[in-house]
Amino acid sequence: MPAYDKFYSRLAVGIKASDIRELLAIIKHRKDVISFAGGIPDPKLFPKSELADIAREVILKYGDDALQYSETKGLIELRETLSDFMRRTKGIQTDAEDLIITTGSQQALDIVARGMIDPGDVVVTENPSYLAAIGAFKIAGAKLVGVEMDEHGMDTHKLEEKLRSLKNSGERVKFIYTIPVGHNPAGTSLTLDRKKHIIELAEEYDVMVVEDDPYSYIIYEDGADTTPLKAIDKYGRVIYLSTVSKVLAPGLRIGWIAAIDDLTRKFELVKQYLDLHSPTLTQFIVAEAVKKGLIDRMVKVATPYYKSKRDAMLSAMEDYLPDYVDYTKPIGGLFIFVKVDKEGFNTTKLLEVAITKYKIAYVPGASFFVDGTGHNTMRINFSYPTFDEIYEGVRRLSALIKNE
Ligand SMILES: Cc1ncc(COP(=O)(O)O)c(C=O)c1O
């Protein structure tokens with residue numbers, strides 16, 4: 001057999017499967033381990049029979065088009081439907097011409113990265129930030145600079161300091177990447193004042209903002225501010241990304257970019273070389289699903305359901321965890337971020353013990369930090385485990401934290 005590694009690109013050489021990924025892959029097949037590691041919706045909520053009806057209808061009625069190649073930017077029916085949907089639910093005024101349908105918002109992150117980042121450019125992110133966004137930006141050659149967070153998300157005064165010092169040292173900052181509501185992994189949500197501050201800073205320092213918003217549809221607290229930055233951006237600085245993954249089904253692989261003007265055209269060209277277009281069939285299905293109000297109905301069902309899971313997890317944490325453990329109380333999203341204030345406690349090193357001895361899995365927090373910190377933190381998910389698993393899992397987590 002040839003030595004295949006000599007055929008690898010530098011990119012492929014640089015991509016390493018992490019030990020954590022390997023460990024977490026193993027537990028998929030182990031029924032005895034309770035996993036808080038995933039970030040996935042509860043499949044009980046998937047509107048299976050409605051989607052089956054829509055898929056059948058779409059294929060029989062529009063099959064010639066629905067099974068055919070289609071426009072790179074996405075079906076006009078879907079773009080118009082999503083444009084109305086965002087206006088109605090989020091106050092975002094984006095013309096269908098500025099929308100690009102993507103293969104999940106993961107592809108949107110990749111398109112933005114390829115379209116905007118040259119090696120050595122700086123991307124400013126919350127610290128911690130979403131692992132796969134960090135990955136997409138790094139692959140494009142970005143230098144990532146993290147901004148500290150508190151219970152309301154990114155500290156925008158620290159952001160201002162960072163932008164000033166980056167400017168003074170001649171760095172080229174392309175954009176600020178933020179997950180404003182139900183942050184993955186931190187579980188935080190930005191206040192309206194901070195959102196306004198980010199936009200003002202983007203204008204002052206002449207950088208763009210990439211707003212990644214998969215979670216603001218499912219909100220657990222009345223009165224929580226979920227205004228997208230995009231809806232209050234008067235300067236044309238915000239590129240908005242969203243997805244149907246958490247409000248319909250991730251397997252459809254439909255997300256979108258609400259871009260602006262010339263950027264839209266560039267992103268479209270980038271996407272053309274990635275996959276020509278996102279699947280026509282699922283675009284048709286999502287367009288029909290949105291028109292028929294399926295997302296609205298799913299949000300109505302998912303919100304109280306996930307809220308009760310979040311509450312179950314918070315109440316188990318309150319009961320079981322020692323007082324040197326701090327954690328977020330998310331108003332939206334699917335995650336709680338846990339910080340253990342105990343000398344030498346390292347969630348990366350302990351993951352194997354957690355899985356083998358305590359039969360509990362989480363994602364070590366360090367993976368989400370862009371500066372190598374966060375070893376005493378972990379991300380836990382409450383949408384996927386059952387209520388029994390939530391209680392028992394938190395009990396096991398508590399034993400791990402107290403004993404190790
Ligand atoms: C912050 C964030 N952005 C993007 C994604 C990717 O979502 P999609 O399934 O649309 O690719 C996720 C998925 O968990 C996420 O948490």
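**Exercise 1. Two unusual backbone angles**

L276 sits in the loop between α9 (261-275) and α10 (280-291), where helices (H or I, at least four residues) and strands (E, at least two) are DSSP runs, numbered from the N terminus. This is a predicted model, in which local features need pLDDT of at least 70, side-chain atom pairs count only at pLDDT 80 or more, and totals for chains, interfaces and linings use all residues. Residues are numbered from 1 along each chain as its sequence is written, and side-chain values use heavy atoms, with hydrogens and water left out.

Task: Work out what is unusual about phi at L276, then do the same for R253.

Solution:
- Step 1. Start with the usual case: most residues other than glycine have a negative phi.
- Step 2. L276 is not a glycine, yet its phi is positive, about 65°.
- Step 3. Now go to R253, in the loop between β9 (238-243) and β10 (255-258). Its phi is near 55°, again a positive value in a residue other than glycine.
- Step 4. Check the cover. L276 counts as partly exposed because its relative accessible area is 46%, and R253 is partly exposed too, at 31%. Here buried means under 20% relative accessible area, exposed over 50%, and partly exposed in between (1.4 Å probe, protein chains only).

**Exercise 2. Cis peptide bonds**

Task: Find where P128 lies and where P185 lies, and describe the peptide bond that leads into each.

Solution:
- Step 1. Most peptide bonds are trans.
- Step 2. P128 belongs to the loop between β3 (122-126) and α6 (131-139). The bond from N127 to P128 is cis, with omega near 15°.
- Step 3. P185 turns up in the loop between β7 (173-178) and α8 (192-205). From N184 to P185 the bond is cis as well, with omega near 15°.

**Exercise 3. Charges that pair**

Task: Take the salt bridge between K309 and D42 and say which parts of the chain it links. Then look at K162 with E148, and at E288 with K292.

Solution:
- Step 1. Get the idea first: side chains of opposite charge can pair when their charged atoms come close. A salt bridge here is a side-chain nitrogen of Lys or Arg within 4 Å of a carboxyl oxygen of Asp or Glu. The whole structure has 31 of them.
- Step 2. In the pair K309 and D42, the closest N and O atoms are 2.8 Å apart. K309 is in helix α11 (residues 294-320) and D42 is in the loop between β1 (34-35) and α3, so to speak distant parts of the chain, 267 residues apart.
- Step 3. Both partners count as buried: K309 has a relative accessible area of 0%, and D42 has 4%.
- Step 4. K162 and E148 meet at 3.5 Å, N to O. K162 is in helix α7 (residues 156-168) and E148 in the loop between β4 (143-147) and β5 (149-150), so this pair ties together parts 14 residues apart in sequence. K162 is partly exposed at 24%, and E148 is partly exposed at 38%.
- Step 5. For E288 and K292, the closest N and O atoms are 3.8 Å apart. E288 is buried at 10%, whereas K292 is partly exposed at 40%. Both belong to a network of salt bridges that also links E57, K61 and K291.

**Exercise 4. Far along the chain**

Task: Is I360 buried or exposed, and how far is its C-alpha atom from that of S35?

Solution:
- Step 1. I360 lies in strand β13 (residues 360-361).
- Step 2. I360 is buried, because its relative accessible area is 0%.
- Step 3. I360 and S35 are 325 residues apart along the chain, but their C-alpha atoms are separated by 5.8 Å.

**Exercise 5. The annotated stretch**

Task: Which residues does the UniProt domain annotation cover, and how much of that stretch is helix?

Solution:
- Step 1. The unreviewed UniProt entry gives "domain: Aminotransferase class I/classII large" for residues 60-396. UniProt positions follow the numbering used here, feature names are shortened, and annotations may be inferred rather than shown by experiment.
- Step 2. Over residues 60-396, the chain is 43% helix and 17% strand. The end C-alpha atoms of this stretch are 51 Å apart.
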